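Visitor: I should like to understand the terms that are applied to this structure. Would you explain them to me one by one?

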Amino acid sequence: MLKILIAEDEEPIANLIKMNLRRAGYQCTWAPDGEKAADYMDNEKFDLLLLDVMLPGINGYELMEYARDLGLPVIFLTALGTTENKVKGLRMGADDYLTKPFEIVELLARVEAVLRRYHKTETVLNIFDVVIDTASRSVMQNGEQVPLTMKEFDLLLLLARNRNIALYRETIYETVWGGEYMGQSRTVDLHIQRLKKKLNWDSEIAAVYKVGYRLEGEDKMAR
């Protein structure tokens, strides 16, 4: 399981990040200040650091230099959203820079992108009775292969990686189809219905009123 260190002094934000990353299959450790984060990095091996700039004690920019020496990928999470701050963070070697407030689905997508860049993503997801192999783009259910179209596979992967998160139709459409959602297309709904039928997941994929869809359940997913 991939390990992520969260250096964030605001506990409610840290708890929200931890909860959603764990649901997506990551192991998380929280450091409330820069010194604690440095201690964790000294004693444990992590795959990614989510780093707030305004930390007590050792600030995020100082900690960034330490993480860079360890070869640890870094995504800045900060309320400092000016171009100057972003450029500074990226020039210091950060892999990405996400401004607060942010959507959890965007954070998960950026985490995945950075880990993939470092070849740290694992290729198999297990959820309920389904095994998703992202390398071969195949889906097995109870030992039997499920024939999915390219878009159905991408849709399933998006839902699985955002477990228990309500995804707007706009987000689903723009992520899977890559175009701008115009609000009238039933493409998302039709593909959801096809996916539910093929996997017999009528209750697992829930419609969220006036929002979109959510993959539900407490069964743990491994990555």
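**Reading the terms in a predicted model**

Guide: Pro101 is found in the loop that lies between β5 (96-99) and α5 (104-117). Please keep in mind that this is a predicted model.

Visitor: What makes the peptide bond from Lys100 to Pro101 cis?

Guide: Its omega is near -10°, and the bond from Lys100 to Pro101 is cis. Most peptide bonds are trans.

Visitor: What is notable about the phi of Arg137?

Guide: Arg137 has a positive phi of about 55° although it is not a glycine. Most residues other than glycine have a negative phi. Arg137 belongs to the loop between β7 and β8.

Visitor: Let us turn to the helices. Why are α6 and α7 called oblique to each other?

Guide: The axes of helix α6 (residues 150-160) and helix α7 (residues 169-176) come within 10 Å and cross at roughly 130°. Angles over 145 degrees count as roughly antiparallel, and 65 to 115 as roughly perpendicular. The angle of roughly 130° fits neither class, and α6 and α7 are therefore oblique to each other. Their crossing is right-handed.

Visitor: Which residues of α6 and α7 meet?

Guide: From α6 come Lys151, Asp154, Leu155 and Leu158, and they meet Ile172, Thr175 and Val176 in α7. By class, this contact of α6 with α7 has four nonpolar, one polar and two charged residues.

Visitor: Why is α7 described as roughly perpendicular to α8?

Guide: The axes of α7 and helix α8 (residues 187-199) come within 10 Å and cross at roughly 80°. Angles of 65 to 115 degrees count as roughly perpendicular, so α7 is given that description with respect to α8. The contact is formed by Arg169, Ile172 and Tyr173 of α7 together with Thr187, Val188 and Asp189 of α8. By class, the contact of α7 with α8 has three nonpolar, one polar and two charged residues.

Visitor: Now to the strands. How do you know that β1 and β2 pair?

Guide: Two strands pair if there are at least two bridges between them. Strand β1 (residues 3-7) and strand β2 (residues 27-31) have five bridges, in the parallel sense, so they meet this condition. Lys3 stands opposite Gln27 in β2. From β1 the chain crosses through helix α1 (residues 11-23) to β2, and this β-α-β crossover is right-handed.

Visitor: How many bridges join β4 to β5?

Guide: Four bridges join strand β4 (residues 74-78) to β5, and these strands run parallel. Thr78 stands opposite Thr99 in β5. Together with helix α4 (residues 83-91), β4 and β5 make a right-handed β-α-β unit.

Visitor: What makes β6 and β9 edge strands?

Guide: Four strands form an open sheet in the order β6-β7-β8-β9, with antiparallel pairing. β6 (124-127) and β9 (144-145) each have a single partner strand, so one side of each is left without a neighbour in the sheet.

Visitor: How do you know that β8 and β9 count as paired?

Guide: Two bridges join strand β8 (residues 138-141) to β9, and the two run antiparallel. The condition is at least two bridges, so β8 and β9 satisfy it. In β9, Gln145 is the bridge partner of Met140. The helix α6 lies across β6, β7 (130-133) and β8, and runs at about 110° to β7.

Visitor: Which strands stand at the edges of the sheet that contains β12?

Guide: That sheet is open and has three strands in the order β10-β12-β11, with antiparallel pairing. β10 (167-168) and β11 stand at its edges, because each has a single partner strand and one side of each is left without a neighbour in the sheet.

Visitor: What joins β11 to β12?

Guide: Four bridges join strand β11 (residues 205-208) to strand β12 (residues 212-215), and the strands run antiparallel. The bridge partner of Ile205 in β12 is Leu215, while Val208 stands opposite Gly212. β11 and β12 form a hairpin with three residues between them, and Lys210 in the turn has a positive phi of about 60°. The helix α8 lies across β11 and β12, running at about 30° to β12.

Key
Residues numbered from 1 in each chain as written. Predicted model: local features only at pLDDT ≥ 70, side-chain atom pairs only at ≥ 80, totals over all residues. Heavy atoms only, no water. Axes fitted to C-alpha atoms, helices over the stretch in contact; angles between N-to-C directions. Parallel < 35°, antiparallel > 145°, perpendicular 65-115°, else oblique. Left-handed = near helix turned anticlockwise from the far one by under 90°. Contact = heavy atoms within 4.5 Å. Nonpolar A, V, L, I, M, F, W, Y, C, P; charged D, E, K, R; others polar. Right-handed = clockwise from strand over helix to strand, strands pointing away.
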